[in-house]
Structure formats: structure tokens, C-alpha cells
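Please take the sequence and the coordinates together, and follow one annotated position outward to the elements that surround it. The paragraphs below start from that position and move on to the ligand, the sheets and the N-terminal annotations.

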Amino acid sequence: MGTDYFPNTYTGLACFLCFFFVLIRTWRRRHLYYSAFKVNGPIPFPLIGSAYVFFGHTQNILESFTRLKRKYGLFYKLWMSSDLYFVVMKLDHVKAILNNCSEKFSTMKFVDPVFGKGLLTLPATEWKIHRKLLGGTLNQQILNSYVDIFANYSNVLVEKLEGTLDAGFVDMFPIFAQCMTDVLCGTILGTDLKVMKKNGPDVILWTAKLGELSVLRIFNPLLHPDFMWKKSSLSKQTNAILHNVQRLIKKILESKRREKSYLKLEQEPNLLNYMLKLENTETTWNEEMSAEETQAFLIAGADATSLTLGYVLMMLAMHQEIQKQVFDELDFVFGGSNRNVTLEDLHQLSLLERVVKETLRIFPVAPLVGRYFTEDLVVGNFTFPKGSSAFIPILCIHRDNEIWPNPLKFDPDRFLPGETAKRHPFSFIPFSGGPRKCLGPTYGYMSMKVVLATILRHYKVVATSYREISEIEMKIDVSARCVKGQNVILHKR
Ligand code: HEM
């Protein structure tokens, strides 16, 4: 009897302490439960919460959001382990959240391997300082000086595409990824990597893999603790790829430091020169920050634009009558000449811009953004409680048939000025919104229009391997990619 007594006492005490701990935690988090109680969502289970709805391949994540929208509508809750998320598609809620919250949700740190610890992922306090310092590096005057660089790399792309003409269906993503890596390096880093000419390094393909690994971690709470992640094979793959990305960036930075290229900042106003100058003038800026931001800008810029360009070609292949109108516009502006695209030309290519916008509507390559509530946020009669987070599934908003009638119809005229004015300003948010929105929309539109206006004067897209938009399956890592590739056939015009 004596030997049984102590274990029973300890077990009882442990149970009591556990119960007490759970009680205190529940009491402290009562505001979360109170708000969650008012909103529908999938049933949570111990440890994983409702994360089971995302288990599986990255393709399932996007499908799950679409399925959950059908079941719960434009606003529902998700428990990811013990973290509370609201999935928000009501436009006034989206506007209030993006305009008022600058903190990314905590799982965003799992995307660090892809984008570095730069603007995209930094906590709000550090982000504010970096955004203030770097915001001006993509101003209109600087971007205007990049048009000729965009055009020169687009000419190299035209040569490169010549080699694909007899190859049947070709996946455009790896080709555009090489082109946009050259474009980004040639502009914001002032470095000619010659990726297209030398056929590598394929930074953006590495990034796609890193993205996939990171998102598998985000949506699997069992891999959130570092010790679990480090034991997984996903972590080993991540480190191997990351090593290559970081080595490349280090090489670029070191060579520019040796050249003291920042002394030419006035003649070569680019992000890299600006950051190297900061290293010498701002006590708070260091070499590590330059490397992390280089990774953030390069990856964020090149991945999103290459994917979008691929989707544009697929849409033109599927909509030959629209492609014909684009050719008419190009012939009108260039009169059959193969000269470089200029800034003035860009202003005249309004249909081409609408085609890019309609593509970004149906295929917002960053399909999901998120915010963390550091304070309660009251919107209408609902309070998003401090300590919870919001997912904003841009893709579901862009394909919602109440906002966009017949959402899978590709119709660039939705972006005629009169039509845009009728819609909610947050109905089209491929670059997100609020103070933490993308830094590169103008860079993105300008560079993509130059690339398209150059290649579409040489080539027409005659086919894609998909018959209609609804057939195109997408998976998400940090971007929304085609499961079966962005396959098209090009012919000479
Ligand atoms: C098709 C083109 C692009 C799309 C669809 C896109 C989309 C986005 C989205 C959705 C975000 C996240 C904002 C949020 O969390 O609310 C973002 C952030 C960002 N993007 Fe882009 N982007 C594009 C091109 C570019 C380019 C060309 C650059 C740079 C040259 C760039 C640089 C950035 C940076 C630095 C951020 C972080 C902004 C911050 O947190 O302050 N993006 N982008």
C-alpha cells in the first residue's frame, strides 16, 4: 500500500497541475474563443486543430481553400494547431485588415529560406525601417531608366525562343525564369549574370522547390517546432538548395563591394548600390541585411513576373481573337519595326496591359497573403481579436462570381477604366494592399509589357496543352504554379 501511495499522489498532482495550466491558458485566451465561437469553420482536433483540411500535396492547399469557401462562404475560421486564423474574403474586411495591420503571421518565418529575412518576411518593427530606407529604390524615375535594359534582355529571349520552335509543347516557366533573373539582376543589382546565354544558374527553379518545402511546413503544424523540422528530410533538402542561393548572392555582393560600385550610385541608381552605400553611411545597416534584401527582391520579383508571363501566353493561346487584337495594337505602335520598346510605347500598349491584368486576376501568382493582429481590430460588428491571424486568399476573391461575373471567362475589357471604377478597390489585389503591399507593381507591369511587346512581334502562340481555364490545375508553394507546366507552342509570325 505504501509503495502505491506516492505514485498516485504524484500522478494526481501532475493531473491537477495540467488541469490548472489548461484552465489558466483557456482563461487568458478567452477573447480568442469568444470571437471564434461566432464564426463557422471546420471542426478542430487536439494538436493539429483543423489543419487536416490541408494535409497532402501542395496542390491540395488551393483546392481546400476553394472547397472551404463553397462550404463556409466568404468568412470562416481555421484552427491551425492552437493558433486561430480567420479566412477573410469580404472586401470591406480585407480592406480594413490590409490597411491597418502590418505584422505578418508567425508562420511567415517558415518562408525565410525562400525570400531571406527581408522586407517580405520581416517583423513589422524592422520592416518599417527597411521599407522607409528601400522604398525609393523602385521610384518612377529609376524605373524609366530601366526600360532599355528590359528591352535588351527581351531581345536575348527572342533568340533563345528560336530554339524552341520545333520542339512541340514547351514549358515556358523555366525560360521566363532565366529571362527575368537576368532582368532583375541587370536592373536592381546592376549585374549581368547572362543566365539565358549560359543556361543557368536557375535561381528561380531552386526557389520554386524551396517554396514548396516551406509551404508544406506552414500547413503541417507537426513540423512547426524547430526540433521536428530539423529531423525531417524536408529540412535537409531546404538547406542544400539554400546554400546555392546564398553562395550566388554572396558572390554578386562581394564583387560589387570590391568595385566600390556604390560610388557610382548617381549614374547607376539601383537597389544594390544603394544598400552598399547604406553599409557605409548607416550604422544600423550591415552586410547581412544587404544579402537578405537582395534575396527578397530578386526572388519576389523574378518568380512572380516569370510565372505571370507564362500564364499570359497560355491565355493568348486559348483566346486567339484577343491575341489578334494585341498584334493589331503592336503593329499600330511599332509599325512592323523590331526596334527596342521605349517608355512612350509602354503608355500606348493599353490592351496589352489589360491582358496582363486579366491574367493576374485569374492567376494571381501570389494567391494568399496573411496578417497577424497585434491589437483588436473592429470591422463592422465583428472584432478580430489580438493574437489571431487572417488569411486572405486572393485567388478565391479574384474568382468569386459575385465580384467577377463568369469568373473563368478571360475578358481584358473588365479593366477598361469605366469598368474598374464600378468595382470595390480591393476586388483586384494581385499585389495585395495597404502599407505592406508589393513594392514592385510598376516594375512588374513595365518589365512584363516590354518582354511581351518584344516577343509577340516575333512569335505567335498557336496552342497550349489545356483546352480551357478550368482544366488548369494549380499548386501553391509561395506562388501559384501549374501542376502540369505552362505549356505552349510558338510559331514565327
Ligand atoms: C507579377 C508581379 C508581382 C506580383 C503578383 C507580386 C505580388 C506581391 C505580393 C502579393 C506581395 C505580398 C504583400 C503582402 O504580404 O501583403 C508582394 C510583396 C513584395 N514584392 Fe511583389 N509582386 C510582383 C512583382 C514584384 C517585383 C517585380 C518586385 C521587385 C522588383 C517585387 C518586390 C516585392 C517586395 C520587396 C515585397 C515585400 C513588400 C513589403 O513587405 O514591404 N514584387 N508582392
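In this predicted model, Cys 438 is buried, because 20 other C-beta atoms lie within 10 Å of its own and a residue counts as buried from 20 such atoms upward. The residue is found in the loop between α20 (417–422) and α21 (441–455), and, leaving aside residues up to four places away in sequence, Cys 438 touches Phe 431 and Ser 432. UniProt, in an unreviewed entry, lists Cys 438 under "binding site".

That annotation can be set beside the surroundings of the ligand. The ligand is surrounded by 26 residues, and the closest of them are Gly 301, Ala 304, Ser 432, Cys 438 and Gly 440, so that Ser 432 appears both in this group and as a contact of Cys 438. By class, the shell around the ligand is made up of 17 nonpolar, 6 polar and 3 charged residues. Which helix gives the most to this shell? It is α15, with 7 residues, while α6 (124–134), α15 and α21 each supply at least two.

From the ligand, the reader can turn to an open sheet of 3 strands, in which the order is β3-β11-β8 and the pairing is antiparallel. Its edges are formed by β3 (170–171) and β8 (459–464), each of which has a single partner strand, and therefore one side of each is left without a neighbour in the sheet. Between β8 and β11 (residues 487–492) there are 5 bridges in the antiparallel sense, and within this pairing Lys 460 has His 491 of β11 as its bridge partner. Helix α15 (residues 287–318) packs on this sheet, where it touches β8 and β11, and its direction makes about 80° with that of β8. Helix α15 thus takes part in two settings, the packing on this sheet and the shell around the ligand.

A further open sheet has 4 strands in the order β1-β2-β7-β4, with mixed pairing. Its edge strands are β1 and β4, each of which pairs on one side only, and the twist averages 25° from one strand to the next. Following the order across the sheet, β1 and β2 run antiparallel and are joined by 6 bridges, with Met 80 standing opposite Asp 83 in β2. Strand β2 (residues 83–88) then pairs with β7 (residues 389–392) in the parallel sense over 3 bridges, and here the bridge partner of Tyr 85 is Ser 389 in β7. Strand β4 (residues 369–372) pairs with β7 in the antiparallel sense over 4 bridges, with Gly 370 bridged to Phe 391 in β7.

Helix α4 (residues 91–100) belongs to the description of this sheet as well, since its buried residues, namely His 93, Val 94, Ala 96, Ile 97 and Leu 98, have a cover that includes β1 (75–80), β2, β4, β5 (377–379) and β7.

A last point concerns the N-terminal annotations. The unreviewed UniProt entry lists residues 6–24 and 36–55 under "transmembrane region". In the model, the chain over residues 36–55 is 10% helix and 0% strand, and the end C-alpha atoms of this stretch are 22 Å apart.

Note on methods. Residues numbered from 1 in each chain as written. Predicted model: local features only at pLDDT ≥ 70, side-chain atom pairs only at ≥ 80, totals over all residues. UniProt positions renumbered as here; feature names shortened; annotations may be inferred. Buried ≥ 20, exposed ≤ 12 C-beta atoms within 10 Å, placed from the backbone. Contact = placed C-beta atoms within 7 Å. Pairing = 2+ DSSP bridges. Axes fitted to C-alpha atoms, helices over the stretch in contact; angles between N-to-C directions. Near = placed C-beta within 6 Å. Nonpolar A, V, L, I, M, F, W, Y, C, P; charged D, E, K, R; others polar.
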